[in-house]
Amino acid sequence: MRYQRSSALFAEAKKYIPGGVNSPVRAFKAVGGEPIFIKEAKGAYLYDADDNQYIDYISSWGPLLFGHAHEPVIKAVIEKAKKGTSFGIPTEIETELAKLATTMVPNIDKIRFVNSGTEACMSAVRLARGYTGKDKIIKFAGCYHGHSDAFLIQAGSGAVTFGSPNSPGVTQGTAKDTLLAEYNDLEGLKALVKANQGELAAIILEPIAGNMGCIIPSDEFIHGLRELCTQEGILLLFDEVMTGFRLAKGGAQEVLGVDADIVMFGKVIGGGLPVGAFAARSEIMAHLAPDGPVYQAGTLSGNPLAMSAGLAMLTEIDQHPEVFESLAQKTAHLHKGIADVLNAKGIPHQINRFGSMISVHFCEEAVIDFTSSAKGNNDTFKHYFHGMLDQGIYLPPSAFESYFLNDAISDADLDRTIEAVKSIF
Ligand SMILES: *Cc1c(COP(=O)(O)O)cnc(C)c1O
C-alpha cells in the first residue's frame, strides 16, 4: 500500500482538525482521494510518511524559489533562533529586510511587515480606504487575495453590480463594497468604474494571476487599468504575494512595466516562514499608524526568526538574479514537453506560462479569465493529477492552481515529469 501511513495520519488528523488540514486545498477535495503527509523535503524533492519521493511543483505554494531546505535560509534561521524568536520590541533585521526589499522594488519607499498574504491584502485595502476616504473596491473574478471577508466574493448572478458573498459568514454589508469585474476585460471595468464614479478607493488584482491557473493580462488591459486608475483617482493595488520576487527582483511591476500604488507581498519574501508585507511610496505609507490614523498592528509582525528567513532569501535572489532566467527556461522546457505529449495524443488542452508559473487546462479555448478557466475538464484533470502523484510528481491538487517551479528542479526531473505525463495518456 503506497499511501498506508499517510492514510492513517489523515484519519487521526481528522479527529482533531477540521477536515484534517489547516488550509482547505490540501485536503484533495477537488481531485478526490486522500492527501499525502510530508515527513521532510530537500531541494526539489518531497518525502512522504511512507517514504515515497516526489518532485515538487508547488514549492510550498510559491515561497521556495531555490527549493526545500535551501542552505543559506536554514542556516540563517537556526542562528537566529538561538538568540530568541520574538521580542515585540524593534530589531535591526527588520530595517535590513525593509531596505533590501525597497531597493529591489524601485517604486516603493516604505514597507510594513505582517504575517501572511491575507493580512497584507486586508491591511492594504484599509490603507487605500483611509487614504482616499472612499469605501468601494473592485476585484476580479478568480483572483485570490487571501481569506479576509472583503475578498471572499465570487461571480454570481447580478454580482457584478452588487457583490454576493460566496462564503457564509461574510455579511451583505461587507459584500456590497466589493465590486466584481472580469479579468482582461477593460471595457467591462470602465463601465463598472463609471457606474461607481467618486466612490472607489481601490482596484486590486493579481498582476499575473496564479489562482485560476496562470493567467497573463493583455497589454491593453494592464496599461489601460493603470491609466484608468490615474484618471479617476483610484489606487491601483497589485497583489504580488505570488509574483513578488518570483518573476523578477521587481516582481510583476518590473516585467509588465506598470507601477502600482500599493504592492502586497508574501510567500517568497518570507523564505518559507510566515511573512507578508505591503508597501507604497512615502506619501501613502504616511497614513499608516503610528505616523497616521490608519490602524494596523501585529504581535509577531517582523519577528527576527521570520525576518532572518526573508533576508536570507532576498539576499540570495539579489546576488543570483540569474535564477529567474534559469526558472523561466526550465518552465519553458516543461511546457514544450507536456504540450508535445498532449498534442501527440490528441488531448484538448491550453497551457499558460509566465516565468516560473505554468498551468495546464484540459479545454479547447484560450484561458484568459475565470469563466474560461472554469471550462476545463475536471475528470481529465483528476486522472492526470493522480496518475502523476502515483509516479512521484506532486502537482497542485486543483485545476485552478498554477504550478510554481523551484530552481532545485533539474532537467532530468523535468524529463522524468514529461515521461510520466506520457505514461498516463
Ligand atoms: C497565497 C496568496 C494570498 C494569501 O496569502 P496567505 O499567506 O495564504 O494568507 C494572497 N494573494 C495571492 C495572490 C496569493 O497567491
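## Ligand, rings and strands: a trainee asks

Mentor: Around the ligand sit S116, G117, T118, Y144, H145, G146, E206, N211, D239, V241, M242 and K267. This is a predicted model, where local features need pLDDT of at least 70, side-chain atom pairs count only at pLDDT 80 or more, and totals for chains, interfaces and linings use all residues. Residues are numbered from 1 along each chain as its sequence is written, and side-chain values use heavy atoms, with hydrogens and water left out.

Trainee: What makes a residue count as near the ligand?

Mentor: One of its heavy atoms must lie within 4 Å of the molecule.

Trainee: What makes the approach of T118 to the ligand a polar contact?

Mentor: A polar contact is a pair of N or O atoms within 3.5 Å; within protein, one must be able to donate a hydrogen and the other to accept it, and residues adjacent in sequence count only if both atoms are side-chain atoms. A polar side-chain atom of T118 is 2.6 Å from a ligand oxygen atom, so the pair fits. For D239, the distance from a polar side-chain atom to a ligand nitrogen atom is 2.6 Å. Taken alone, the ligand exposes 380 Å², and the protein buries 83% of that (Shrake-Rupley method, 1.4 Å probe; for residues, only the protein chains shown count as cover).

Trainee: Why is the pair of F140 and Y183 called edge-to-face?

Mentor: Rings of Phe, Tyr and Trp (its six-membered ring) pair if their centres lie within 6.5 Å; planes under 30 degrees apart are stacked, over 60 edge-to-face, and the rest tilted. Here the centres are 6.0 Å apart and the planes stand at 85°, so F140 and Y183 are edge-to-face. The structure holds 15 aromatic pairs.

Trainee: How do you know whether F140 is buried or exposed?

Mentor: Buried means under 20% relative accessible area, exposed over 50%, and partly exposed in between (1.4 Å probe, protein chains only). F140 has 0%, so F140 is buried. Y183, at 1%, is buried too.

Trainee: What makes F385 and Y394 a pair, and of which kind?

Mentor: Their ring centres are 6.4 Å apart and their planes at 80°, so this pair is edge-to-face. Both rings belong to a cluster with F28 and Y54.

Trainee: Why do β11 and β14 count as edges of their sheet?

Mentor: The open sheet has the order β11-β12-β14, with antiparallel pairing. Strands are DSSP runs (E, at least two residues), numbered from the N terminus, and two strands pair if DSSP finds at least two bridges between them. β11 and β14 each have a single partner strand, so one side of each lacks a neighbour in the sheet. β11 and β12 share five bridges, so they pass.

Conventions
Helices (H or I, at least four residues) and strands (E, at least two) are DSSP runs, numbered from the N terminus.
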